[in-house]
Amino acid sequence: MGHLLLFFYSALAPVIAGLYAVFFFFSPRMPLMKALGGELKERLAFSPPSFPARPVWIHAASMGEVKAVSRLAPELAALFKAPLLITSSTAAGRAEAARLGAEARLAPLDFYPLAAAFINKARPLMLVLVETEIWPATLYAAANAGVPVFMVNARISDKTAALYRTFGPLSQLAFSGVKRVLAQTEQDARRFSGLRGLEGKVSVTGNLKHDIPEVSATGQDTVKDFLEASDWGNSPVFTAGSTHPSEEPIIIEAWLEAKKKTPELKLVLVPRHPERLSGPEAVLSGHGAAFMRWSSAVVPEATDCLLVDVLGLLQAFYAVSTVCFVGGTLDDTGGHNLLEPALFGKPALFGPNYKNARNAGETLLREKGGFLTETALQMAETLNLLLRDPVALKTSQNNASRVLASLRGATAKTTETIISTWAITGK
């Protein structure tokens, strides 16, 4: 039964990929399709990488997940004295992997013949899947090739777990090569433990994103140069990072409302997908707010809002901000890295949907290093509370730093678990 389900899944995979491409073509992210022709060779595994020695293969969905393993990946490669191969599903993730010094590739489609061809050519020592990257065809191809699989920083929703329970025979087949699931939280561990093929293979090691190192000096210097060239001076800066379309009007309205009491407040908007800025630009224009894009050649005077249309500068802007907002929490996304502002001792505002970072969110709220804001008015009130009370601001900064310190250590636990599992199983 499992093999039959896998056959139908693999048969549908190219169709799903085609529909996804059509969706992209008619979405605001259509400019990304220009690169599709150059990416097809990697996505179809026409030129899989080869190595003189068997590599540690890590697969991470996109740039955020690649950053999450920025410490773990080189540590594993060094411990196993192996080359490092990192695949990602996005071009931004591939670029981030290249910055880590890895052989960086786009992952092949989750279609059994392609996954098997990729694995047979690359001959990985192990496959490490990050967060929610559960691809049945790739997992089964790895198991067939005798490649041990580790799922790290693993998380799974109730809905997804229910889906895998429904297709139990397929789950058992896909998870047959999994040696260990290293879950973010106890809730994730319970969900994984209830899936066929994973019984007795699950442990909790925490969230690797809490161990992300601080931003590079280059990023901070670039942002500081902008601040010096503009008329922002010592004005307070509110950076909203990894935002989504439905969140941006709320953030802009909150900022404009907060400016009534703090007129010098500046806004930096860093969308999750920087290629689509027409939405926030329309909202800002409708309010008569002065704004500019980061890529603009000229810095106009009296600009109060900056729209960041490039990747890689979010942490640098968090570093120079007074208060931050973390996106994906006012829509149904489930939240991005709520502790990223805390890397720089900055309090984080976020919405009620932080299911992807539940432990971090609850700890920040409990320790008052973060603040829940559901509406534009609530966000504005919280901003003014912090901006107009230096003691409250300093206290929240200290609290955020303390929370981050208390939740770190997932990288060491993950590395230790992989090493001990390898020693016990022989691979």
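## Exercises on strands, helices and loops

The buried residues of helix H16 are Ala376, Met379, Ala380, Thr382, Leu383, Asn384 and Leu386. Keep in mind that you are working with a predicted model.

**Exercise 1.** Work out how far H16 reaches from its first C-alpha to its last, and what covers its buried residues.

*Solution.* Start with the helix itself: H16 spans residues 376–387, which makes 12 residues. From first to last C-alpha it reaches 16 Å, close to the 16 Å expected at 1.5 Å a residue. Next, look at the cover over its buried residues. This includes strands E8 (237–243), E12 (323–326), E13 (348–350) and E14 (370–372), along with helices H12 (248–258) and H17 (390–407).

**Exercise 2.** Find the order of the strands in the 7-strand open sheet, and explain why one side of E10 and of E14 is left without a neighbour.

*Solution.* Reading across the sheet, the order is E10-E11-E9-E8-E12-E13-E14, with parallel pairing. E10 (291–293) and E14 stand at the edges and each has a single partner strand, so one side of each lacks a neighbour in the sheet. From one strand to the next, the twist averages 20°.

Now zoom in on one pair. E12 and E13 run parallel and are joined by 2 bridges; Cys324 has Ala348 in E13 as its bridge partner. Helix H15 (residues 358–366) packs on this sheet, where it touches E13 and E14, and its direction makes about 100° with that of E14.

**Exercise 3.** Decide whether strand E5 is largely enclosed or not, then trace its parallel partners.

*Solution.* Count the buried residues first: in E5 (residues 149–154) they number 6 of the 6, so the strand is largely enclosed by the rest of the structure. One parallel partner is E4 (residues 126–130), joined to E5 by 4 bridges, with Leu127 opposite Val149. To get from E4 to E5, the chain passes through helix H7 (residues 136–144) in a right-handed β-α-β crossover. Another partner is E6 (residues 178–183), also parallel to E5 over 4 bridges. Here Val149 stands opposite Val178.

**Exercise 4.** Place Lys81 and Lys368, and say whether each is buried or exposed.

*Solution.* Take Lys81 first: it sits in the loop between helix H4 (72–79) and strand E2 (84–88). Its phi is near 50°, a positive value in a residue other than glycine. With a relative accessible area of 74%, Lys81 is exposed.

Then turn to Lys368, in the loop between H15 and E14. Phi of Lys368 is positive too, near 60°. The cut-off for exposed is over 50%, and Lys368 has 54% relative accessibility, so it counts as exposed.

How values were computed
Residues are numbered from 1 along each chain as its sequence is written. This is a predicted model: local features need pLDDT of at least 70, side-chain atom pairs count only at pLDDT 80 or more; totals for chains, interfaces and linings use all residues. Side-chain values use heavy atoms; hydrogens and water are left out. Buried means under 20% relative accessible area, exposed over 50%, partly exposed in between (1.4 Å probe, protein chains only). Two strands pair if DSSP finds at least two bridges between them. A crossover is right-handed if, with the strands pointing away from the viewer, the path from the first strand over the helix to the second runs clockwise. The expected span of a helix is 1.5 Å times one less than its number of residues. Contact means heavy atoms within 4.5 Å. Axes are lines fitted to C-alpha atoms, for helices over the stretch in contact, and angles run from 0 to 180 degrees between N-to-C directions.
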